[in-house]
Amino acid sequence: MSTSRREFLGQSLAAAAVSVAAASLGLSCRTQNAKKRILILGGTGFLGPKTVEVALARGHQVTIFNRGKREKTLPFPYQNVEHLYGNRDPLLPADDERGRDKELLHPESRPKGLEQLQGKTWDAVIDNSGYYPRHVKASAELLAPAASHYIFISTISAYASNKTVGADETAPLATIADPTVETMGANSENYGALKALCEKAAEAAFPGSTAIVRPGYIVGPGDPTDRFTYWPVRASRGGEVLAPGAPEDPIEWIDVRDLAAWLVKLVEDGTSGTFNALGPDRPATWGGVLDACVAAAEGKASLTWVPSEWLEKNGQGGEDAFPIWVPPTGDFAGFHTWSNARALKAGLTFRPVADTVAATLAWYPSEIERRVRVTKELKDAAKAKGTEPPQLANPGALRAGPSPEREAELLAKWKAATGGD
């Protein structure tokens, strides 16, 4: 059936309207192709494997590039993936000591820098392991002739301030006095500014073809930090749970599976632009998140809300006192209110928090088993070499949040101060 002139004009106008709307949001989209060749710089940590899983499920061809180090303690689960080795630092060799190739045990024989990326081509690059601008500049410039699209995973911390409620991607970025610094600093104070410089390096090498993705807290199964994990696990252990702040405090996060799926969609759509990657699609409350954790505990846990001002006065205040949550005041008034309108327009979707809670609880027991095993292996290896065993944290303990003893102490003080039971 032929298309009438009226239908053609209508379709053209609709397409033009989409392009105008996309341009107004600072993004662009190219025609989607069925199958993509995707290079992931990293690929074996938290976000990487989830991205690989989605890409393979959608029929894409995946290559990962990394040092080969993480697989020694966190095995990579996918076999039908091309695995290249090297180092983000062009001057350093890979760190592969898994024993598959004994020559790799010798530094002079390990793949050096980015050399295994040379002479290959891909449709898109997803860079989720870039932390220093020199490294990102090297990889992006090398890959510019070899790929047409570069997606750089940055961070909400790239912004200069969290004071403004509802700020968007046009907010000023963090800066640093010495842009050549290659350390995060004693308190990670250089992290955001270095990520901002990494963004610029990627954009310079791929002008008009870069997607800058700025996630907030990435959470869910596989999270090595235990920041979000603390809350569903703590509730699952039952009893009285200290809930900091107020139920109406704002909160933002993104499930790693939602982020991974969206990254692949950005590849498929050829989308460029800058995006805050956090959710949900409607403003969420801290009380809603903790209620979901308590609901998953099936009646074993209850919440006791303790105001942030009281916690501050009793030595448990500030940005890092409790994981994920931040008092929405002063310098952090807008921390959990960043606009995600651009990302929503570009197709980012979110699962319910109850799904994230359930998946985290299902994954966590096997993660504890892995941490216990790895801790024992590291100690045994040190003993076999006759060296001092490494000082490692208790592998069975949560890596974030107050200890059970500290939580009980605070709850007792709060009850004494307020006359509670």
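Which residues form one aromatic cluster?

1. The cluster consists of Tyr 230, Trp 231, Trp 286, Phe 322 and Trp 325. The model under review is predicted, and the points below concern its aromatic rings.

2. A pair of aromatic rings is described by the distance of the centres and the angle of the planes. Two rings are counted as a pair if their centres lie within 6.5 Å. By this rule, the model holds twelve aromatic pairs.

3. One of these is formed by Tyr 150 and Phe 206, whose ring centres are 5.1 Å apart and whose planes make an angle of 40 degrees; the pair is tilted. Tyr 150 belongs to strand 6 (residues 150–153), whereas Phe 206 is found in the loop between helix 4 (191–205) and strand 7 (210–215), so the pair ties together parts that are 56 residues apart in sequence.

4. Both partners of this tilted pair can be placed by their accessibility. Tyr 150 has 0% relative accessibility and therefore counts as buried, because the cut-off for this term is under 20% relative accessible area. Phe 206, with a relative accessible area of 4%, is also buried.

5. Phe 322 and Trp 325 form a further pair, with ring centres 6.2 Å apart and planes at 70 degrees. Planes over 60 degrees apart count as edge-to-face, so this pair is edge-to-face. Phe 322 is buried, its relative accessible area being 1%; Trp 325 is buried as well, with a value of 1%. Phe 322 and Trp 325 are among the members of the aromatic cluster named in the opening point.

6. A charged residue also deserves mention. Lys 195 lies over the face of Tyr 131, at a distance of 4.5 Å from the ring centre.

Technical notes: Residues are numbered from 1 along each chain as its sequence is written. This is a predicted model: local features need pLDDT of at least 70, side-chain atom pairs count only at pLDDT 80 or more; totals for chains, interfaces and linings use all residues. Side-chain values use heavy atoms; hydrogens and water are left out. Rings of Phe, Tyr and Trp (its six-membered ring) pair if their centres lie within 6.5 Å; planes under 30 degrees apart count as stacked, over 60 as edge-to-face and the rest as tilted. Helices (H or I, at least four residues) and strands (E, at least two) are DSSP runs, numbered from the N terminus. Buried means under 20% relative accessible area, exposed over 50%, partly exposed in between (1.4 Å probe, protein chains only). A charge sits over a ring if NZ of Lys or CZ of Arg is within 6 Å of the ring centre and within 35 degrees of the ring normal.
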